[in-house]
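Colleague: Could you walk me through how to read a few features of this model?

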Amino acid sequence: MTENLLVEIGLEEMPAHVVDPSILQFEEKTKQFLQENHLDFAAVNSFSTPRRLAVQVIDLAEKQADTKEEVKGPAKKIALDENGNWSKAAQGFVRGQGMSTDDIYFKEVKDTEYVYVTKHTVGKNALEILPALKGVITSLTFPVTMHWNKFEFEYIRPIRWLVALLGEQVVPFDILDVSAGRTTYGHRFLGGASSLENADMYEEKLQEQFVIANRFKRQAMISQQIQEIANQHQWQIDVDEDLLEEVNNLVEYPTAFVGDFAEKYLRLPDEVLITSMKEHQRYFDVKSQDGKLLPHFISVRNGNQNKIDNVAKGNEKVLVARLEDAEFFYNEDQKLSIKECVEKLKNVTFHEKIGSMYEKMQRVQLAAKVIGKHINLSDTELADLQRAAQIYKFDLVTNMVDEFPELQGIMGEKYALLKGEKPAVAQAIREHYMPIASEGELPSSNIGAVLAIADKLDSLFSFFAAGLKPKSSSDPYALRRQTYGIVRILAAKHWSFPFTVLQQKIEEMVNQNEELYGIHLEDSASEVGNFLRGRLRQFLSAQNFRYDVIDAVIDAKQEDIHQLIEAANTLKKHLNDEDFKSSIEALTRVMNLGQKDQSENEIDPTLFENEAEQNLYQAVKTVEEQFVYQTVEENYHALTQLRPLIEDYFDQTMVMTDNEEVRNNRLAQLRKITQMAIAVASLNDLVTK
C-alpha cells in the first residue's frame, strides 16, 4: 500500500531570490530523509510561492520494508571459553543485537570461524517515522534569517502555518507554537483558509484560493500573458530570464498588465530607462519591431484583473518619479567636464589601505601601457588606450551612477561620447568592467580588453600588497572573479602574456614613484602567480579538459598564460594519437631522471660512449635551436618525435653509471630535454594507461 504525502511550510513573504534555492533544498532534504529511513517512494514534487514551500511525495510506502541482516561477531575462539561456554564477549555481542546466545551460528571467513546472528527487523509504519520531518524543516539554511516573538529559533521568515498529510491522516508535529494540520491559506487578499481532505487536493484547493502553487505553471502563465500583450500591440519583448524568475517568485496569482510613460523620457539613454524599469521596478521593457524602445512597460500584478487600471496608474506614478530623477541627474551631469570628474576622484577612496581611485587610475595607466606595448598595439591604439586609462573611472562621480550604480561604465561611454571623446576610447571605458560575471560577456575591442586586464591586475597586485588576500571561505573584493576574467580575456584574444615578467616590470615602475601611485607593491610574484594558476585551473575545468591534462599544464615551468592554454589544447588534441602513450612514456622516463639534475653542467660530447648518445644529442640540439621560435604545437611534435632516439638511448646507455663524470654528463643531456618538455607541460603528470 502507498499514500501520497504533503508537507507545506506557510511563511511571511520571502525575498524573491531565496525562494528557488529554498524549495530545491527542501525537496532534496526530504528525499534524503526518506531514503535514510528506508521509506520507498516514486517521486517528489515541489511547490513554492513567496508565502510557502511545499513538497508532495508520490506513492510513499505505508511502512518500512522488513529487513533481514546477517551480523558478524567475534571469532569462535574468543566467543567460547576453554570449557565450551559462551564468553562475556559473545554474550555482550548478542545482547547488543537484541538477541540471545541461542541465535548464534558459526561461519568460516578466510580459514577462521566467526560468530554470526541473523537479525530480523520489522519495518515501522510511515506515520511513526514522518513526525521527524520537523527536523528537515528546521534544518533548512538561508542566506539571512530572523527570529520573532520571544523565540530564539531563526528562519528566513516567521512560520505561520504547517500542513502535513499522509493521505487523509495528519502527521503530528509542532514547530514553536505552530502545529501541523490540514489547513492551508490562499492568496493574502483574494483567498482564505482551505481545509485539505487529503494530500492530493493541494494544487486544486489552492487554485480555488487564487494561488498557483506550481512555480513552473505560474512562470508559464506570466510568459503567456506577456506574449499575448506583445502580439496584441505588435511589440517586441525580450523577456529577461532572471527578471522573469524574480517576478515569478514575487507573486502567487499573476496578472500581467501594460503601463505607459511620457515620450519625453525617451531622450534619456535606453540603458537608463531599462535600468529604472527592470532593476528598480521589476518591469519588462517594450520595443518596436525594429528594436526601438517604446514609452510602455509590462508589469505583473499579484492578483486578478479587478481594478487593474488603477494598479497600472499607480505603477506609472512610481516609474515617472524615478524617470524624473534620472532626467534631472542626466541634465546635471552634462554640466560637468571629464577633467572635473577625474579631479574629484582624488577624494574617492578605492580602499583605505590602498589609496584613492585617482591613484588607482595612475597605476592602471602604467600597467595598460606596459601590456599594450607587449601585445604590439598600434600607435593609434596605444594613444587611445592611454586616453581611456586617464579617464576611465570618471563616471563614478556623476549623479547618474551615484543613483544607478548598475550603470557604471555604461554612462561613462555615453558621457564620453557626448564630451567628444573618440568612440574607441568611450567603448573601452564601458568594456573595462567586463566580464561582470564569471561567464559574462568579454570586451570585444583590443583597447577595452587591455584596459580590463590592467584594471583587474592592479586590484590583484594592490590587494595582495595590502595583505587583503582572498581566504578559502571569503573573497570580499572579488579577486577570484576578476582574475578569472583576466584568464578568459587572454584565452579569447590569444595574446602572449608572460605573467611574472610583466608583473615585475609593473611593480618596479610603480615602486619608483610611490608618491604618484600611492602604494608600494611588494614582490609577490610567486604568490600572485599561484593564485592566477588557480584561476587557470578553474577555466580549464570549465572547458572540460581532462584532470591530468590540467595538472600537467598547471605544473609546467611556463609563465606565459597563452602558452599554458595552448599546451592544454595541444595535449587534448593528441590524447588519442596512436603514439601518444609511447611518446609520453619515453619523455616521462627522461624527465624522471632529468629533474634530479639541479646542476648547470654543459654537455661534453667527448664523454659519449655510444652512437645513441650522439644521435640524441644532435636531435636535441636541433630542437633547442628552434624551440623559442615555434608554437606549442610545433614544440610538442618536436619533442614526441624524439621518442625512437630516446628508446635507443635507454637501450644502449646506463645513465646512473659509477663513473661520476659520465653520469653527470648523461644527466645534463636528459636535463636539456626535461627543461624543454616541462616548458610545454609537466608531461609526467599525464595518465597513459
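Modeller: Start at the end of helix α15: G420 follows it, and its phi is positive, near 90°. Helices here are DSSP runs of H or I of at least four residues, strands are E runs of at least two, and both are numbered from the N terminus. This is a predicted model, where local features need pLDDT of at least 70 and side-chain atom pairs pLDDT 80 or more, while totals for chains, interfaces and linings use all residues. Residues are numbered from 1 along each chain as its sequence is written, and side-chain values use heavy atoms, without hydrogens or water.

Colleague: Which residues of α15 are buried?

Modeller: Buried is under 20% relative accessible area, exposed is over 50%, and partly exposed is in between (1.4 Å probe, protein chains only). In α15, which spans residues 410-418, the buried ones are M411, G412, E413, Y415 and A416. Their cover includes α9 (270-281), α10 (308-333), α11 (338-344), α14 (399-403) and α16.

Colleague: Back to single residues, then: is S22 buried or exposed?

Modeller: S22 has a relative accessible area of 2%, so it is buried. You'll find S22 in helix α1, residues 16-36. For company, look for contacts, meaning heavy atoms within 4.5 Å. Setting aside neighbours within four places in sequence, S22 is in contact with L53 and F142. There's also a polar contact (N or O atoms within 3.5 Å, one able to donate a hydrogen and the other to accept it; sequence-adjacent residues count only if both atoms are side-chain atoms). In this case the S22 side chain reaches the backbone oxygen of V18 at 2.7 Å.

Colleague: What about loops? Where is T145, and which residues does T145 contact?

Modeller: T145 sits in the loop between α5 (133-139) and β7 (159-166). Its relative accessibility is 39%, so T145 counts as partly exposed. Beyond four places in sequence, T145 contacts E154, Y155 and I156, and the side chains of T145 and E154 share a polar contact of 2.7 Å.

Colleague: And S444, exposed or buried?

Modeller: S444 comes out at 53% relative accessibility, so it is exposed. That residue is in the loop between α16 (423-431) and α17 (446-465). Not counting residues up to four places away, S444 touches Q427, E431 and K493. A polar contact of 3.1 Å links the side chains of S444 and Q427.

Colleague: Now helix pairs. At what angle do α12 and α13 pack?

Modeller: Fit axes to the C-alpha atoms over the stretch in contact, and take the angle, from 0 to 180 degrees, between N-to-C directions. For α12 (residues 357-374) and α13 (residues 379-391) the angle is about 160°, with axes 8 Å apart. The pair is therefore roughly antiparallel (under 35 degrees is roughly parallel, over 145 roughly antiparallel, 65 to 115 roughly perpendicular, the rest oblique). M361, Q365, A368, K369, G372 and K373 in α12 meet L382, L385, Q386, A389, Q390 and I391 in α13. By class, that contact has six nonpolar, four polar and two charged residues (Ala, Val, Leu, Ile, Met, Phe, Trp, Tyr, Cys and Pro are nonpolar; Asp, Glu, Lys and Arg charged; the others, Gly among them, polar).

Colleague: And how far apart are the axes of α7 and α8?

Modeller: Their axes are 10 Å apart, and α7 (residues 215-233) packs on α8 (residues 241-248) at about 120°. R215, R218, Q219, I222 and S223 of α7 make the contact with E241, L244, E245, V247 and N248 of α8. The classes there are three nonpolar, three polar and four charged.
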